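Let's take a walk through this structure together, one piece at a time. Keep the 3D view open and click along as you read.

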Amino acid sequence: LGGLFYGFPRLLGKKSIVNIAGLEWRRGRFGRLEKMLIRLLWISCTISASKIAIDNRQLKAYINPALRGKVVYTSYDIGESAPSFSSWEETPLFGRVEPGQYWLQVARIEPDNRAAVTLEAFAMSKTKKKFVMIGNFTVGRYKDNVNEIIERYHLQDRIVFMKPTYDRPIFNTIRKNCFAYLPGHSVGGTNPSLLEIMSLAVVTLASDVAFNREVGGDTLLYFKDSKELA
């Protein structure tokens with residue numbers, strides 16, 4: 001509801017800056033009325049704030065042309081310190097998959113992160129590797145959709161679900177040892193997990209959307225749908 005309050009500081013002669021982050025109203029976990037409200041509040045804060053901060057230049061296209069003079073671009077920063085790692089035996093995947101023998105997706109398991117698309121592609125492909133999905137389900141009906149795909153293609157023994165871990169050395173070890181990474185996210189702006197996986201120099205297949213192409217350029221592989229990914 002912050003979109004309602006960005007004008008108040010300006011009434012007192014102060015400045016207010018909003019970071020619009022991404023296209024929240026496009027996220028599949030929200031219902032139709034929720035999306036409409038989020039969109040209205042998003043527009044409201046761009047109007048009332050003194051400055052609009054964006055972390056991805058592609059977001060500028062979604063801002064009213066009359067307001068684009070207030071836009072300030074600032075890139076995401078993940079730091080320059082060397083990443084820390086753990087031993088493979090310390091990870092929750094030890095004994096479940098082998099290093100270098102699994103595809104990896106880390107995200108909330110919901111429509112705009114395209115879990116169903118990547119699972120269908122996995123099923124249609126000829127890969128013999130396993131698929132590790134780290135994240136929580138946020139939409140009940142989408143969980144049913146994902147489970148239906150797993151049952152239809154008989155993937156029960158090839159999919160490994162894991163809850164999110166916030167132990168950085170363990171998380172880095174899991175990401176660094178995957179065969180390839182499938183971020184899935186399709187709603188901008190810049191996704192910090194995409195920057196982090198790029199810093200680990202892991203082969204990455206990303207959704208073909210303008211936000212990801214701005215971040216990854218020609219260093220990533222892109223896919224539009226499950227058939228192309230497969």
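Start with a cysteine: Cys 178 is buried, with a relative accessible area of 8%. Keep in mind that you're looking at a predicted model. Cys 45 is buried too, at 6% relative accessible area. Both cysteines count as buried because the cut-off is under 20% relative accessible area. And how many disulfides are there? The count comes to zero.

Cys 45 takes us to helix H2, since it is listed among the buried residues there, along with Leu 41, Trp 42, Thr 46 and Ser 48. Helix H2 covers residues 32–48, which is 17 residues. From first C-alpha to last, H2 reaches 25 Å, close to the 24 Å expected at 1.5 Å a residue. An α-helix has 3.6 residues a turn, so residues three or four places apart point the same way. What do the buried residues of H2 pack against? Their partners are helix H1 (8–11), strand S1 (17–19) and strand S2 (51–54).

Now hop over to helix H5, which spans 168–176. Its buried residues are Ile 170, Phe 171, Asn 172, Thr 173, Ile 174 and Arg 175. Among the elements covering them are strand S4 (102–106), strand S5 (130–134), strand S6 (159–162) and helix H6.

Zoom in on Ile 174, which is found in H5. Ile 174 has a relative accessible area of 0%, so it counts as buried. Which residues does it touch, leaving aside neighbours within four places in sequence? The contacts of Ile 174 are Trp 88, Thr 91, Pro 92, Leu 93, Tyr 102, Leu 104, Ile 134 and Met 162. For a sense of scale, Ile 174 and Arg 108 sit 66 residues apart in sequence and 17 Å apart in space, C-alpha to C-alpha.

Arg 108 is a handy pointer to the largest pocket, as it is one of the residues nearest the pocket's centre, together with Ala 107, Asn 191, Pro 192 and Ser 193. This largest pocket has a volume of about 730 Å³, and 30 residues line it. Helix H5 and helix H6 (192–199) each supply at least two residues of that lining. By class, the lining has eleven nonpolar, eleven polar and eight charged residues.

The second largest pocket holds about 270 Å³ of space. It is lined by 13 residues, and the closest to its centre are Ile 78, Ser 81, Pro 83, Asn 172 and Ser 199. H5 and H6 turn up here as well, being the elements that give two or more residues to this lining. The largest share, three residues, comes from H5. Sort this lining by class and you get four nonpolar, five polar and four charged residues.

Last stop: a couple of backbone angles. Most residues other than glycine have a negative phi. Ala 21 has a positive phi, near 65°, and is not a glycine. You'll find Ala 21 in the loop between S1 and H2. Arg 114 also has a positive phi, about 60°, without being a glycine. Arg 114 sits in the loop between S4 and helix H3 (115–124). Buried or partly exposed: which is Ala 21? At 36% relative accessibility, Ala 21 counts as partly exposed, whereas Arg 114, at 14%, counts as buried.

Definitions and conventions
Residues are numbered from 1 along each chain as its sequence is written. This is a predicted model: local features need pLDDT of at least 70, side-chain atom pairs count only at pLDDT 80 or more; totals for chains, interfaces and linings use all residues. Side-chain values use heavy atoms; hydrogens and water are left out. A disulfide is a pair of cysteine sulfur atoms within 2.5 Å. Buried means under 20% relative accessible area, exposed over 50%, partly exposed in between (1.4 Å probe, protein chains only). On a 1 Å grid over the protein atoms alone, a cavity is a set of points where a 1.4 Å probe fits but cannot get out, and a pocket is an open set with protein on both sides within 12 Å along at least five of seven lines; lining residues have an atom within 4 Å of a point. Grid points are joined across faces, edges and corners, and a volume is the space filled by probe spheres set on the points. Helices (H or I, at least four residues) and strands (E, at least two) are DSSP runs, numbered from the N terminus. Ala, Val, Leu, Ile, Met, Phe, Trp, Tyr, Cys and Pro count as nonpolar, Asp, Glu, Lys and Arg as charged, and the others, Gly among them, as polar. The expected span of a helix is 1.5 Å times one less than its number of residues. Contact means heavy atoms within 4.5 Å.
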